[in-house]
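I opened my notebook to look up a few things in one protein. Here is what I jotted down along the way.

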Amino acid sequence: MKKNKLVITIILIAIFLSACSDSTVYHKFKYSFFNTFDTIIDITVYTASEKDADKYFEYAEKRFHELHKYYDKYNEYENINNVKTINKNAGIKPVKVEKDLFDLIELSIKYYNDYSDETDISMGKVLNIWSDWRDEVEDGEIPADSKHLPTKEILKEADRFTGIKNLVLNKKDSTIFINNNDTQIDLGAIAKGYATEIIANELVDMGLESGIISAGGNVKIIGKPLDNMRQKWGVAIRNPKKANYDENPDIPDFVDIVFANDTCVVTSGDYQRYIDIDGRRFHHLIDKDTLWPGDYFSSVSIIHPDSGFADFMSTAIFLMPYEEGRKLVESYDDLEALWVFEDDNIEFTDGLKTLLKSQGASGGK
């Protein structure tokens, strides 16, 4: 009898200790920084202490700066071989790069071959023309009118050097070689999402259980909010018609809210890096067929567990006709999309019906 009492006592103590270990009080902490990937990075975490939160914030900021330098095509950095280094050596010699850069270029080529050729990292020469044009208009060097747009002849000449086949990867030596001296790499369609995915996974490995990283149009959700009130995070999809939050008070800031955990919401839209001329918006998302900014939609949001893949696909789907893009999205079980058309009409895949606020979803218990 005494033996049975002892066993019961031990079990009760074990249950008590287990309950105590699960009663951690989590607090919400936020942190923001700039100067990486041309956007503000906002990070929110739930941790037991401010010290724990600071550990994650410091690591994330350091890694975002590091990855930004690797993926930068505009600037050189001491002792770093980055995208600009690769482009400078096009047609000259292979460039040895860090794993973070090699893996991204390798993955971009794989996605191009396996999913869609709309997002092409070898299209840098064409993208440079549009980027330089926007800079010249914004700096007042040329007027914002149709007479000063890039000509089709110039764009077609640049596009002659677009080609994934011109990128030669040597995994053993970790080198990237562009075998045509006029081909240029641009990772803008995937780099930010890929970096966000890497850093989020590394934070989880460090012990982070609950958090959300917002890097421009790339939102990565980690776990669920540990506030004892909600079961899901809410991610708002920005209204493309409201380029700046302080303008047009009668226009809502958001078109809908996605409630989910452990996934990503990535949006590509015509409201970032754009110039309006004669009623048409000239933005940074360039159609490979027309060599002009895509004009099918105002924005496309992709929901997928991997932020890098979602970033790649958001650009690809934005540059496809609706029927073609929807067919592609629906061919994958874990991929969802929401389209905002220029006339404000909204379409979304069936899988979003349980995640959108407009369809009755919420973040509550």
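My entries go from the whole chain to aromatic rings and then to a charged patch.

**Entry 1, the whole chain.** I noted at the start that this is a predicted model. I looked up the secondary structure and found nine helices and 15 strands in the protein chain. The C-alpha trace spans about 95 × 55 × 40 Å along its principal axes. Of the 365 residues in the protein chain, 49% are buried.

**Entry 2, aromatic rings.** How many aromatic pairs are there? I got a count of 22 aromatic pairs. I picked one to look at: the ring centres of Tyr 322 and Trp 339 are 4.9 Å apart and the planes stand at 85°, so I wrote this pair down as edge-to-face. The pair links distant parts of the chain, with Tyr 322 in helix α9 (residues 322-330) and Trp 339 in strand β14 (residues 336-340), 17 residues apart.

Are these two buried or exposed? Tyr 322 has a relative accessible area of 18%, so I put it down as buried. Trp 339 is buried too, because its relative accessibility is 0%.

I also found a cluster joined by ring pairs, made of Tyr 31, Phe 33, Phe 37, Phe 57, Phe 64, Tyr 71 and Tyr 194.

**Entry 3, a charged patch.** Which residues form a negative surface patch? My list reads Asp 132, Asp 135, Glu 136, Glu 138, Asp 139 and Glu 141. I followed up on Asp 132, which sits in helix α5 (residues 124-138). Asp 132 counts as partly exposed because its relative accessibility is 43%.

Key
Residues are numbered from 1 along each chain as its sequence is written. This is a predicted model: local features need pLDDT of at least 70, side-chain atom pairs count only at pLDDT 80 or more; totals for chains, interfaces and linings use all residues. Side-chain values use heavy atoms; hydrogens and water are left out. Patches are made of residues with over 30% relative accessible area and no salt bridge: like charges are joined within 9 Å, nonpolar side chains (Val, Leu, Ile, Met, Phe, Trp, Tyr) within 5 Å. Accessible areas come from the Shrake-Rupley method with a 1.4 Å probe; for residues, only the protein chains shown count as cover. A salt bridge is a side-chain nitrogen of Lys or Arg within 4 Å of a carboxyl oxygen of Asp or Glu. Lys and Arg count as positive and Asp and Glu as negative; His and the chain ends are not counted. The place of a charge is taken as NZ of Lys, CZ of Arg, CG of Asp or CD of Glu. Helices (H or I, at least four residues) and strands (E, at least two) are DSSP runs, numbered from the N terminus. Buried means under 20% relative accessible area, exposed over 50%, partly exposed in between (1.4 Å probe, protein chains only). Rings of Phe, Tyr and Trp (its six-membered ring) pair if their centres lie within 6.5 Å; planes under 30 degrees apart count as stacked, over 60 as edge-to-face and the rest as tilted.
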